[in-house]
Amino acid sequence: MPKTLLIGLHVLCVFSWMSLSVGAQTLYRYTDKDSKVTYSDKAPQPGEQAEPVNVEKGDRIGNTVKLGTKDSKGVQQQFSDIKARSDTRVADREKLQKEVDEAEDRLTRARKALDMGRDPKEGEQRIVTRPGGNTVIRTEEYYARIESLELAVKKAVEAVAAAQDKYNRNAP
């Protein structure tokens, strides 16, 4: 009895192995004269150029690419998805860079306004004449205007720092 059981198990294993090898098919890659690539599970005819391809293989980023379709639309779809994600990342990076550039432009304008505004405008200073020499006294309006221009520069510096930080944290 044990010998019969052993033979039965052996026969079962052989049939199981044969059914697995029959189910596993090779995929062939054909390239025609117009450089069009076609995938097929049919073996090449004598004289046809075809190369066997693994049914599953990893792409450059570790995803599994299924090559089981004859027209390879599944592969094309996955690569178009990768391209779409890449395009989105580029657009996001460009948007973040634009925000940094705009903040730096505002800072440049604020600094220029401060430099140009240092001279008192009409009515923002008084000249006091004294026997030892004249004294120029600037009004409160002058100091308030300069303080406002300095505050604009400070806010612009903070905006540049925030935009650069956002770019560094979020740029893909």
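Colleague: How many residues lie between strand 6 and strand 7 in their hairpin?

Modeller: Bear in mind that this is a predicted model. Strand 6 covers 125-130, and strand 7 covers residues 133-138. At the turn end, R130 stands opposite G133 in strand 7. The hairpin formed by strand 6 and strand 7 has a linker of two residues.

Colleague: And how many bridges join strand 6 to strand 7?

Modeller: The two strands run antiparallel. T129 stands opposite N134 in strand 7, while R130 faces G133. The number of bridges joining strand 6 to strand 7 is six.

Colleague: Of the six residues of strand 6, what number is buried?

Modeller: To count as buried, a residue needs under 20% relative accessible area. Strand 6 lies largely in the open, because its number of buried residues is zero.

Colleague: Let's zoom out. In what order do the elements run from the N terminus on?

Modeller: Overall, the chain has three helices and seven strands. Helix 2 spans 73-116 and helix 3 spans 140-170. From the N terminus on, the order is α-β-β-β-β-β-α-β-β-α.

Colleague: What percentage of the chain's residues count as buried?

Modeller: The chain has 172 residues. Among contacts between residues at least 6 apart in sequence, 44% join residues at least 24 apart. As for burial, the share of residues that count as buried is 17%.

Colleague: Which element gives the largest share of the largest nonpolar core?

Modeller: That core has twelve residues in all, among them V100, L107, Y142 and V160. Helix 2 and helix 3 are the elements that give two or more residues to it. The largest share, seven residues, comes from helix 3.

Colleague: A163 is in that core too. Apart from its neighbours within four places in sequence, which residues is A163 in contact with?

Modeller: V100 and A103 are listed alongside A163 in the largest nonpolar core. A163 touches both of them, plus one glutamate. The full set of contacts is V100, A103 and E99.

Colleague: Is Y142 buried or exposed?

Modeller: Y142 belongs to the largest nonpolar core. Its relative accessibility is 7%, and the cut-off for buried is under 20%. So Y142 counts as buried.

Colleague: What geometry does the aromatic pair of Y142 and Y143 have?

Modeller: This is the one aromatic pair in the structure. Y143 counts as partly exposed because its relative accessibility is 45%. The ring centres of Y142 and Y143 are 5.3 Å apart, with 80 degrees between the planes. Planes over 60 degrees apart count as edge-to-face, and this pair is edge-to-face.

Colleague: Which residue has its charged end over the ring of Y142?

Modeller: The charged end lies 4.9 Å from the centre of the Y142 ring. Both R138 and Y142 also touch E124. The residue whose charged end sits over the ring is R138.

Colleague: Now E124: which backbone nitrogen does its side chain reach?

Modeller: E124 is placed in the loop between helix 2 and strand 6. It counts as buried because its relative accessibility is 8%. Beyond four places in sequence, E124 has contacts including I137, T139 and R145. At 2.9 Å, its side chain reaches the backbone nitrogen of K121.

Colleague: With which side chain does the side chain of T139 make a polar contact?

Modeller: T139 sits in the loop between strand 7 and helix 3 and counts as buried at 14% relative accessibility. Away from its neighbours within four places in sequence, T139 is in contact with G123, E124 and Q125. The polar contact, at 3.1 Å, is with the side chain of E141.

Colleague: How far apart in space are R106 and A159, C-alpha to C-alpha?

Modeller: R106 is in helix 2 and is partly exposed, with a relative accessible area of 40%. Not counting residues up to four places away in sequence, it touches A156 and A159. R106 and A159 are 53 residues apart in sequence, yet their C-alpha to C-alpha distance is 8.9 Å.

Colleague: Last one: is N168 buried or exposed?

Modeller: N168 lies in helix 3. Its C-alpha is 9.9 Å from that of R93, with their positions 75 residues apart in sequence counted as separation. With a relative accessible area of 61%, N168 is exposed.

Key:
Residues are numbered from 1 along each chain as its sequence is written. This is a predicted model: local features need pLDDT of at least 70, side-chain atom pairs count only at pLDDT 80 or more; totals for chains, interfaces and linings use all residues. Side-chain values use heavy atoms; hydrogens and water are left out. Rings of Phe, Tyr and Trp (its six-membered ring) pair if their centres lie within 6.5 Å; planes under 30 degrees apart count as stacked, over 60 as edge-to-face and the rest as tilted. Buried means under 20% relative accessible area, exposed over 50%, partly exposed in between (1.4 Å probe, protein chains only). A charge sits over a ring if NZ of Lys or CZ of Arg is within 6 Å of the ring centre and within 35 degrees of the ring normal. Helices (H or I, at least four residues) and strands (E, at least two) are DSSP runs, numbered from the N terminus. A polar contact is a pair of N or O atoms within 3.5 Å; within protein, one must be able to donate a hydrogen and the other to accept it, and residues adjacent in sequence count only if both atoms are side-chain atoms. Contact means heavy atoms within 4.5 Å. A nonpolar core is a set of buried Ala, Val, Leu, Ile, Met, Phe, Trp, Tyr and Cys residues joined through side-chain atoms within 4.5 Å. Two strands pair if DSSP finds at least two bridges between them.
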